[in-house]
Amino acid sequence: SLFLPRALGLGAAGAPAPADAAAQRGRGRVLVVDDQDDVRDVAVAYLETLGYDTAEAASGRAALALVEGGLAVDLALIDYAMPGMTGLELMRALETVRPGLAVVIATGYADFTPDDARLAGLRLLKKPFRLQALSAALDDALRRAAERAPNVLTMRPRRPSGA
């Protein structure tokens with residue numbers, strides 16, 4: 001038998017207040033692309049904890065096929081080093097299918113420095129990552145994508161002169 005103390009209430013370090021929890025909830029679908037099943041599983045579990053819907057792919061080619069096949073995604077969380085198609089190659093391919101898609105590149109290389117100018121302004125996430133770091137990276141990537149998106153003006157029909 002294992003006996004554990006019963007918690008009667010949460011202290012100051014307990015769960016966030018409902019308003020804070022609602023603010024941290026994700027919206028939309030994240031495509032998680034990583035060739036390592038265990039890493040992908042952890043990322044998906046974190047994303048679901050944050051309130052995101054998820055889709056998974058074990059390779060860049062599989063991810064590209066999903067998006068080309070019509071899978072609606074709001075953000076892609078992509079491993080940088082994958083066999084066959086790297087994260088950078090996938091990011092470039094996704095840009096042609098879904099221009100403006102928010103992207104977070106994850107890497108396990110401690111001394112990783114992007115040598116491609118297109119990665120310089122991108123949000124990089126060092127593995128292993130914690131839930132809070134993932135949440136901050138997603139928020140930042142979504143904010144940057146929204147800033148890059150063209151402004152859409154609502155057009156109203158012109159009223160005929162004299163009306």
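**Note on the predicted model**

1. In the protein chain, residues 24 or more positions apart account for 65% of the contacts with a separation of 6 or more. The structure is a predicted model, and every remark below should be read with that in mind.

2. The overall make-up can be followed along the sequence. The protein chain has six helices and five strands, and these elements follow the pattern α-β-α-β-α-β-α-β-α-β-α when read along the sequence. The chain has 163 residues, of which 33% count as buried. Its accessible surface comes to about 10,700 Å², and 54% of that surface belongs to carbon and sulfur atoms.

3. The sheet is a good place to begin looking at the fold. In which order do the five strands lie in the sheet? They form an open sheet in the order β2-β1-β3-β4-β5, with parallel pairing. At the edges are β2, which covers residues 53-57, and β5, which covers residues 123-126, and each of these pairs on one side only. On average, neighbouring strands of the sheet are turned by 20° against each other, direction ignored. As background, the strands of a sheet pair through backbone hydrogen bonds, either parallel or antiparallel.

4. One pair of strands can be traced in detail. Strand β3, residues 75-79, runs parallel to strand β4, residues 102-107, and five bridges join the two. Within this pairing, Leu77 has Val104 of β4 as its bridge partner. A helix can also be placed against the sheet: α3, residues 60-68, lies across β1 (29-33) and β2, and runs at about 155° to β1.

5. The nonpolar interior comes next. In soluble globular proteins, nonpolar side chains tend to be buried together. Here the largest nonpolar core has 22 residues, and those with the most contacts inside it are Leu31, Val33, Ile78, Leu90, Leu94 and Val103. The elements that give two or more residues to this core are β1, β2, α3, β3, α4 (87-97) and β4. Helix α4 gives the most, with five residues. Leu94 offers a useful view of this core: leaving aside its neighbours within four places in sequence, Leu94 is in contact with Leu64, Val67, Ala76, Ile78, Pro99 and Leu101. There is also a second, separate core, which has 19 residues and includes Ala43, Val44, Leu75 and Phe129.

6. The charged side chains deserve a careful look as well. How many salt bridges does a search of the whole structure find? The search finds seven. As a general point, side chains of opposite charge can pair when their charged atoms come close. One of the salt bridges is formed by Arg40 with Asp37, whose closest N and O atoms are 2.7 Å apart. Both residues lie in helix α2 (residues 37-49), three residues apart, which is about one turn of the helix. Arg40 has a relative accessible area of 9% and is therefore buried, the limit being under 20%. Asp37, on the other hand, has a relative accessible area of 46% and is partly exposed.

7. Helix α6, residues 131-148, holds further pairs of this kind. Asp140 and Arg144 both lie in this helix, four residues apart, about one turn of the helix, and they form a salt bridge in which the closest N and O atoms are 2.9 Å apart. Asp140 counts as buried at 10% relative accessibility, whereas Arg144 counts as partly exposed at 28%. The side chains of Glu147 and Arg143 also meet in a salt bridge, at 2.9 Å from N to O, and these two residues of α6 are likewise four residues apart, about one turn of the helix. Glu147 has a relative accessible area of 57%, so it is exposed, the limit being over 50%, while Arg143, at 41% relative accessibility, counts as partly exposed. Salt bridges that share partners join Asp140, Arg143, Arg144 and Glu147 into one network.

8. A last point concerns the backbone. The peptide bond from Lys127 to Pro128 is cis, with omega near -5°. Where does Pro128 lie? Its place is in the loop between β5 and α6, and β5 is one of the two edge strands of the sheet described above.

Note on methods: Residues are numbered from 1 along each chain as its sequence is written. This is a predicted model: local features need pLDDT of at least 70, side-chain atom pairs count only at pLDDT 80 or more; totals for chains, interfaces and linings use all residues. Side-chain values use heavy atoms; hydrogens and water are left out. Buried means under 20% relative accessible area, exposed over 50%, partly exposed in between (1.4 Å probe, protein chains only). Contact means heavy atoms within 4.5 Å. Accessible areas come from the Shrake-Rupley method with a 1.4 Å probe; for residues, only the protein chains shown count as cover. Two strands pair if DSSP finds at least two bridges between them. Axes are lines fitted to C-alpha atoms, for helices over the stretch in contact, and angles run from 0 to 180 degrees between N-to-C directions. A salt bridge is a side-chain nitrogen of Lys or Arg within 4 Å of a carboxyl oxygen of Asp or Glu. A nonpolar core is a set of buried Ala, Val, Leu, Ile, Met, Phe, Trp, Tyr and Cys residues joined through side-chain atoms within 4.5 Å.
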